[in-house]
Amino acid sequence: MNKRVKLFIPVAIFLVMAGFLLYGLGRDPNTVPSALVDRPLPEFTQPSLYPEQGEYSSGDFLGRILLVNIWGSWCPPCHLEHPFFLEISETEDDITFIGISYDYSTIEDREFLAERGNPFDYNVVDLDGSLRIDLGVTGAPETFLVDQQGMILYRHIGAIDADVWNDKFVPLLRQIR
Amino acid sequence: MIPELGNFSLVLALSLAVLLSVLPMVGVYRNNQLLMTLSRPLSAGLWVFMLLSFGCLAYAFLDDDFSVRYVASNSNSLLPVYYKFTGVWGGHEGSLLLWVLMVASWTYAVSLFSRNLPLDILARVLSVMGIISVCFLVFMLFTSNPFDRLMLNPPADGTDLNPLLQDFGLIVHPPMLYMGYVGFSVAYAFAITALLTGNLDAAWARWTRPWTNAAWAFLTIGIALGSWWAYYELGWGGWWFWDPTENVAFMPWLVGTALIHSLAVTEKRGVFKSWTVLLAIAAFSLSLLGTFIIRSGLITSVHAFAVDPERGLVLLAILLVVIGASLFLYALRAPVVKGTASYTITSRELFLLVNNILLVVSTAGILLGTLYPLIHEAVTGDANVSVGAPYFNTIFLPLMALLVVFLTIGSISRWKKTSVAYLKQQLVKVAIASILLGIVVPLAITQEVNVPIFLAVALALWIILGIARDIQSKTANKGSFISGLKSLSLSYYGMQTAHLGMAVIILGICLTSHYSVERDVRLAPGQGIEIGSYEFIFQGVERVQGPNYQADAGEVTVLKNGDPYLTLRPEKRTYFATGSVQTEADIDVGFTRDLFAALGDPRGEDAWVVRIHLKPFVFWIWLGAFLMAGGGVIAICDRRYRVRDTARKDVPVQATDGLDPSLTGAA
């Protein structure tokens, strides 16, 4: 390439980036959560976190109330909500807890659950990120409440504690039980 | 009345900034000495009126003037007086005012401390900095005026400062960070000047280096304080999350680090000139990009200010002017500032080039990761995608490991040409010793095989032993060891201090990541848990009253080997004005370990979820950062930056005695 032309690479990169930034200004990140509510949980077939347990499909869970939690052992807020999940997984018998590991290291996730307890009835791993994209996940942790018909009722971004649970989840659960 | 005075000062500051960006530059091209000389008083005037404006806003805060919209939304009459003052930069408008005040301060500092700069150079540099002030003053006055009044029905009391920001760390974190961000504008202005004049010599690099070091040291401290704040205030015990807002502060730091090293090569050897200019532009551009990303509401996080697309558009326009125009100027003028000297494959120049490439590649990786969700959405039009810590660690850590390998080789090698035999003689023993000790020491202490720990300890030792070896060989022929130490320059000590800081950070990060113990347990009063040689006993929670909050204050007594050791008092605060709840962890900071306690949720019958962490060596992360910043400061104090610069031969304006006093020792 011509040496003079090469010198224009930085400004070209910047202009492309500025284009994306301009696009970004036009959208409102806060509209994302509501877009998925009242739509069916995306269909998926994903391997279990424990290879000997094979694969899970979204169809396996129809007819049950699901709490789908996207987490990773590297994610500090996930550590924060973990004890609370352990607790409600004991008391909320009619809810099926599904943990989706947002991770590149399934070993560390298994170690984490072995060490601190496993609140999930099913552990799914999303290695290629396709499920995260389908769910429109912006980061970990995120939690989806899904009803018996497979519809997403609520999406929570960030860690869940007793207050969030009582304010947001309990009223919805009362409606569908 | 006072807010109007503040507003009026802003308008005056804008007028002076416009004059500063135009008159001296016109003077340069008309060869008019008077117009060029005006750059100094105009810089002083800009600074004075910015300071006055800042003082007026601070007064409005201290005076509880809730008719000012910004005060009403960021303060409260119950707020302690020191938080009323720091509330000045607790929101978008006020922190922008602080930002511009700092641009003005750096501009004024350049005009004060650059008596040895040729007038035409000084006029250009100050003019460029004036343009930056103009951009941001216009932005502030038209979209984000902190002095806007609530004319109808001013509230009786304010909504309060965000409780997260009611904390000592937040008093000092933003000013330090902004000093760093904005400080790179000096290097940027020097770079633009070099492109305009086409003249980039050793003297240019020597003028630029202390300013760059200072900005870099401020940014280092700013980032370290932010990380420290996240560690104890967010209550998770984490200190780095690869959050977009952390990334946007980290990128200018990485490029600034590259710039410091590249400036060294440009000063000593006269090569990498156009590369240095590009890095100087990039460091400030990334600072501006960070300002844009956080203030446009492009990304939501704890730092994000209210979303306002109009503000975003104006900021983007500023980015186009400042970054776009300067990169365009670079494309046109870079061939003029080409280097001439040559260097060989084992020279220090080459090792520093490797350092630069590694730092720039890491920055590019982080930039891509930060903007990827946006790019993905723009290209596919589909839902959001998230890039988490695993991506950043995968990219960043191997590159840093490589950087450390070259760090020691580079700092021990010599300019122009270093013989392979010399490098071998200096480094083979160091390499063997650091690998052996890196395996043996952790193995002896922990009795377990942990490869990442071996690697981290070996890399840290590689730096530390390399420094020791270099000092040993540099003092070998100087009579006594002490006189040898005295003969080394402050620049040299600065470099080695900063490198030592890097080793300390590596140890801190790796040891704390691998050996931290974190427990979240439900404890009733009297119950406790044991971690290592410590026992933590929960004594219960009592209600306490703060100036503007009510808190559940827990008491956790710690026993060490069964003996009473200390008491931790974590709190959970509820702020009156907003009703928001805030966790205040209590941490016993120690040289080799931190004991961390935070309160979770109440669990009935006086029982609480208590979060207890034992974090070994976490203090070293911040210790290392302070060593790095200290290294930058030590290097600034080097004599050759303080003496009148006489090396610039092509400018007859300068008095010249032909010798650089720092070389002859006759200051």
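This passage describes the domains, helices, sheets and chain contacts of a predicted model.

The domain assignment divides chain B into four parts. Domain 1 covers residues 1-164 and domain 2 covers 167-398. Domain 3 is built from two stretches, 419-513 and 621-636. Domain 4 spans 517-617. The C-alpha centres of domain 1 of chain B and domain 4 of chain B are 42 Å apart. These two domains nevertheless touch: eight residues of domain 1 of chain B meet nine residues of domain 4 of chain B. On the domain 1 side, five of the residues are nonpolar, two are polar and one is charged.

Chain B begins with a helix. Helix 1 of chain B runs over residues 2-30, which is 29 residues. At 1.5 Å a residue, a span of 42 Å is expected, and the end C-alpha atoms lie 41 Å apart, so the two values agree. Just after this helix comes B:N31, with a positive phi of about 55 degrees.

Two other helices of chain B pack against each other. Two packed helices are described by the angle between their axes and the distance between the axes. The axes of helix 13 (residues 348-380) of chain B and helix 14 (residues 389-412) of chain B come within 9 Å. They cross at roughly 170 degrees. Angles over 145 degrees count as roughly antiparallel, and helix 13 of chain B and helix 14 of chain B are therefore roughly antiparallel to each other. Helix 13 of chain B contributes, among others, B:F351, B:L352, B:L358 and B:L359 to the contact. Helix 14 of chain B contributes residues including B:F392, B:I395, B:F396 and B:L399. In this contact, 16 residues are nonpolar, five are polar and one is charged.

The strands of chain B come next. Strands of a sheet pair through backbone hydrogen bonds, either parallel or antiparallel. One open sheet of chain B holds four strands in the order 1-10-9-8, with antiparallel pairing. Strand 1 (517-523) and strand 8 (586-588) of chain B stand at its edges. Each has a single partner strand, so one side of each is left without a neighbour in the sheet. The twist from one strand to the next averages 15 degrees. At one edge, strand 8 of chain B pairs with strand 9 (residues 593-602) of chain B over three bridges. Here B:D588 stands opposite B:L595.

Further antiparallel pairs occur in chain B. Strand 4 (residues 549-560) of chain B joins strand 6 (residues 571-575) of chain B over five bridges. In this pair, B:A551 faces B:R573. Strand 6 of chain B also pairs with strand 7 (residues 581-584) of chain B, over four bridges. B:E571 has B:E584 as its bridge partner there.

Chain A has an open sheet of five strands in the order 5-4-3-6-7, and its pairing is mixed. Strand 5 (122-125) and strand 7 (152-157) of chain A are the edge strands, each paired on one side only. Neighbouring strands are turned by 20 degrees against each other on average, direction ignored. Strand 4 (residues 95-101) of chain A and strand 5 of chain A run parallel and share four bridges. A:I98 has A:Y122 as its bridge partner.

The two chains meet through 35 residues of chain A and 36 residues of chain B. On the chain A side, helix 2 (9-25), helix 4 (76-91) and helix 6 (130-135) each give two or more residues. Helix 2 of chain A gives the largest share, eleven residues. The chain A side comprises 25 nonpolar, six polar and four charged residues.

Technical notes. Residues are numbered from 1 along each chain as its sequence is written. Chains are lettered from A and ligands numbered from 1 in the order in which they are written. This is a predicted model: local features need pLDDT of at least 70, side-chain atom pairs count only at pLDDT 80 or more; totals for chains, interfaces and linings use all residues. Domain bounds come from an automatic or database domain assignment. Two residues are in contact if their C-beta atoms, placed from the backbone, lie within 7 Å. Ala, Val, Leu, Ile, Met, Phe, Trp, Tyr, Cys and Pro count as nonpolar, Asp, Glu, Lys and Arg as charged, and the others, Gly among them, as polar. Two strands pair if DSSP finds at least two bridges between them. Axes are lines fitted to C-alpha atoms, for helices over the stretch in contact, and angles run from 0 to 180 degrees between N-to-C directions. Angles under 35 degrees count as roughly parallel, over 145 as roughly antiparallel, 65 to 115 as roughly perpendicular and the rest as oblique. The expected span of a helix is 1.5 Å times one less than its number of residues.
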